[in-house]
Amino acid sequence: IQGIQDTSLPGEESECAWTGVFCDVAVVEETLTTTITMSVVRRIQWGGFDAIGVLPPEIRSLSFLQEFNVSYNNLRGEIPSQWFETPASTSETAAGAVQSVYHLPYLYLLDLAYNNFVGP
């Protein structure tokens, strides 16, 4: 997405340094004797950045993501099909069940409004 990475701080390579990206520490593994934590992306707030481009399928790898807001930009193309999973049951699909966002169990805000996406 053009117009986003340009907002990082000089010399910073971590996405946590980008404007509109908010990170936190999460426990990724815990045993009786050790706890392993790492910095994870929790929120992406890029609404109104005048960004252009397409949404990358790699967003689905941000498994701790809670909020993703890219509204009011000039993004185009299809929303990556890799982001979604279809209900397993044919009867659920026939009943009009909404697809759920794949591998993003903590996501509670997904705002893609006012862009130029195409597709179903």
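In which sense do strand 5 and strand 9 pair, and over how many bridges? I started there. Strand 5 and strand 9 (residues 116-118) run parallel and share 3 bridges. The model is predicted, and I kept that in mind throughout.

**Entry 1: strands 3, 5 and 9**

I looked for a bridge pair between strand 5 and strand 9. Arg76 has Asn116 in strand 9 as its bridge partner. Then I turned to strand 3. Strand 3 (residues 52-53) pairs with strand 5 (residues 74-78), again in the parallel sense, over 2 bridges. I picked out Gly53 here. Its bridge partner in strand 5 is Leu75.

**Entry 2: the chain as a whole**

I stepped back for an overview. The protein chain has 1 helix and 9 strands. I read the order of elements from the N terminus as β-β-β-β-β-β-α-β-β-β. I checked burial next. Of the 120 residues in the protein chain, 26% are buried. The exposed surface of the protein chain is about 7800 Å². Carbon and sulfur atoms supply 52% of that surface. I also looked up contact range. Among contacts in the protein chain with a separation of 6 or more, 53% are between residues 24 or more positions apart.

**Entry 3: the four-stranded sheet**

I followed the strand order across one sheet. This sheet is open, has 4 strands and reads 1-2-4-8, with mixed pairing. Its edge strands are strand 1 (21-30) and strand 8 (109-111), each pairing on one side only. I looked up the twist as well. Neighbouring strands of this sheet are turned by 25° against each other on average, direction ignored.

I then went through the pairings along the order. Strand 1 and strand 2 (residues 35-45) run antiparallel, joined by 9 bridges. A hairpin of 4 residues connects strand 1 to strand 2. I noted one bridge in this pairing: Val21 has Ile44 in strand 2 as its partner.

Strand 2 pairs with strand 4 in the parallel sense, over 3 bridges. Arg43 stands opposite Glu67 in strand 4. Strand 4 and strand 8 are also parallel, with 3 bridges. Glu67 turned up again here, opposite Leu109 in strand 8. I have Glu67 facing Arg43 in one pairing and Leu109 in the other.

**Entry 4: the salt bridge**

How many salt bridges does the structure hold? I found 1. The side chains of Arg42 and Asp24 form a salt bridge at 3.9 Å, N to O. Arg42 is in strand 2 and Asp24 in strand 1, so the pair ties together parts that are 18 residues apart in sequence. I recalled the general point: side chains of opposite charge can pair when their charged atoms come close.

Is Arg42 buried or exposed? Arg42 is buried, because its relative accessible area is 16%, and the cut-off for buried is under 20%. Asp24 has a relative accessible area of 40%, so I entered Asp24 as partly exposed.

I looked further around Asp24. Leaving aside neighbours within four places in sequence, Asp24 is in contact with Met38, Ser39, Val40 and Arg42. I also took one C-alpha to C-alpha distance. Asp24 and Thr37 are 10.0 Å apart in space and 13 residues apart in sequence.

**Entry 5: Asn69**

I closed with Asn69. Asn69 is in strand 4 (residues 67-69). Why does Asn69 count as buried? Asn69 counts as buried because its relative accessibility is 13%.

Which side chain does the side chain of Asn69 join in a polar contact of 3.4 Å? I found Gln45. I then listed the contacts of Asn69, leaving aside neighbours within four places in sequence. They are Ile44, Gln45, Trp46, Gly47, Leu109 and Asp111. Some names on this list were already in my notes. Ile44 is the bridge partner of Val21. Leu109 stands opposite Glu67.

Key
Residues are numbered from 1 along each chain as its sequence is written. This is a predicted model: local features need pLDDT of at least 70, side-chain atom pairs count only at pLDDT 80 or more; totals for chains, interfaces and linings use all residues. Side-chain values use heavy atoms; hydrogens and water are left out. Buried means under 20% relative accessible area, exposed over 50%, partly exposed in between (1.4 Å probe, protein chains only). A polar contact is a pair of N or O atoms within 3.5 Å; within protein, one must be able to donate a hydrogen and the other to accept it, and residues adjacent in sequence count only if both atoms are side-chain atoms. Contact means heavy atoms within 4.5 Å. Two strands pair if DSSP finds at least two bridges between them. Axes are lines fitted to C-alpha atoms, for helices over the stretch in contact, and angles run from 0 to 180 degrees between N-to-C directions. Accessible areas come from the Shrake-Rupley method with a 1.4 Å probe; for residues, only the protein chains shown count as cover. A salt bridge is a side-chain nitrogen of Lys or Arg within 4 Å of a carboxyl oxygen of Asp or Glu.
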